[in-house]
Amino acid sequence: MTEILIISHSSEIAEGTRSLVSQMAGDTVIHASGGVEGGIGTNIDQINDMLEKIEDDTICFYDIGSSRMNLEMAVEMYDGPHQLHISEAPIVEGSFLAAVENSVGSSTEDMLEKLKTMKK
């Protein structure tokens, strides 16, 4: 089953989005990382730690600025067995759509096609 990774500059946004999405699609595995050392920011090491925990193909969402750059670098460095997809959809709306679609059995490819219509 496709997993979801949420990367935000804010731990509150990352955890809040995970909480919201989990309530609507409880069986979807959602990883979230946000903030750096209690402050605002993203960190490639934190993202790499999240990627080590995935157990299936994953759709990744990010919020603003350097979160995209750090996520792209982490995905490029990933050499695990699963496929990683970076979505251009807004973090809350996109992860919500993906999780709900995942919970009803949509394929990763179908989710990615639907997410393309939600570009930032």
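**Exposure, helix packing and nonpolar cores in a predicted model**

E37 is exposed, with a relative accessible area of 83%. The model is a predicted one. E37 sits in the loop that joins β2 to α2. Its backbone is also notable for the sign of one angle: phi of E37 is near 50°, a positive value in a residue other than glycine.

A second loop residue, I54, falls on the opposite side of the burial scale. I54 is located in the loop between α2 and β3. With a relative accessibility of 7%, I54 counts as buried, because the cut-off for burial is under 20%. Neighbours within four places in sequence aside, I54 contacts E3, H31, Y78, H82 and L84. I54 and I4 are 50 residues apart along the chain, yet their C-alpha atoms are separated by 8.9 Å.

Two helical residues were also examined. N70 belongs to helix α3, which spans residues 66-77. N70 counts as buried, at 9% relative accessibility. Residues up to four places away in sequence were not counted; beyond them, N70 touches T42, N43, I44 and I47. E15 is placed in helix α1, residues 11-24. E15 is partly exposed, and its relative accessible area is 36%. The C-alpha atoms of E15 and A32 are separated by 6.2 Å, with these positions 17 residues apart along the chain counted as their separation.

Helix packing was then described pair by pair. Two packed helices are described by the angle between their axes and the distance between the axes. Helix α2 (residues 44-53) packs on α3 at an angle of about 45°, and the axes are 9 Å apart. That angle makes α2 oblique to α3. The crossing of α2 past α3 is right-handed. From α2, the residues I44, I47, N48 and L51 take part; they meet N70, L71, M73, A74, V75 and M77 of α3. By class, this contact of α2 with α3 holds 8 nonpolar residues, 2 polar and no charged. The buried N70 therefore has a place in this contact, and I44 and I47 are among the residues it touches.

Helices α1 and α4 form another pair. Their axes come within 9 Å and cross at roughly 25°. An angle under 35 degrees counts as roughly parallel, so α1 and α4 are roughly parallel to each other. The crossing of α1 past α4 is right-handed. On α1, the contact is made by T17, L20, V21 and M24; on α4, by I91, V92, S95, F96, A99 and V100. The contact of α1 with α4 divides into 8 nonpolar residues, 2 polar and no charged.

Helix α4 (residues 91-103) also packs with helix α5 (residues 108-116). Here the angle is about 150°, and the axes lie 10 Å apart. The two helices are therefore roughly antiparallel to each other. The crossing of α4 and α5 is right-handed. G94, L97, A98, E101 and N102 of α4 make the contact, together with M111, K114 and L115 of α5. Charged residues enter this contact of α4 with α5: the classes are 4 nonpolar, 2 polar and 2 charged.

The interior was examined next. In soluble globular proteins, nonpolar side chains tend to be buried together. The largest nonpolar core here has 16 residues. Within it, the residues with the most contacts are I4, I6, I59, F61, A98 and L115. Strands and helices both contribute: β1 (3-8), α1, β2 (30-34), β3 (58-62), α4 and α5 each supply at least two residues of this core. Apart from this core lies another, of 14 residues, with L5, C60, Y62 and V75 among them. V75 also appears on the α3 side of the contact with α2.

I59 gives a detailed view of one core member. Leaving aside neighbours within four places in sequence, I59 is in contact with T2, E3, I4, L5, H85, S87, T108, M111, L112 and L115. Of these partners, M111 and L115 also take part in the contact of α5 with α4. A98 and L115, both listed among the residues with the most contacts in the largest core, likewise belong to the contact between α4 and α5.

Technical notes: Residues are numbered from 1 along each chain as its sequence is written. This is a predicted model: local features need pLDDT of at least 70, side-chain atom pairs count only at pLDDT 80 or more; totals for chains, interfaces and linings use all residues. Side-chain values use heavy atoms; hydrogens and water are left out. Axes are lines fitted to C-alpha atoms, for helices over the stretch in contact, and angles run from 0 to 180 degrees between N-to-C directions. Helices (H or I, at least four residues) and strands (E, at least two) are DSSP runs, numbered from the N terminus. Angles under 35 degrees count as roughly parallel, over 145 as roughly antiparallel, 65 to 115 as roughly perpendicular and the rest as oblique. A crossing is left-handed if the near helix is turned anticlockwise from the far one by less than a right angle, and right-handed if clockwise. Contact means heavy atoms within 4.5 Å. Ala, Val, Leu, Ile, Met, Phe, Trp, Tyr, Cys and Pro count as nonpolar, Asp, Glu, Lys and Arg as charged, and the others, Gly among them, as polar. Buried means under 20% relative accessible area, exposed over 50%, partly exposed in between (1.4 Å probe, protein chains only). A nonpolar core is a set of buried Ala, Val, Leu, Ile, Met, Phe, Trp, Tyr and Cys residues joined through side-chain atoms within 4.5 Å.
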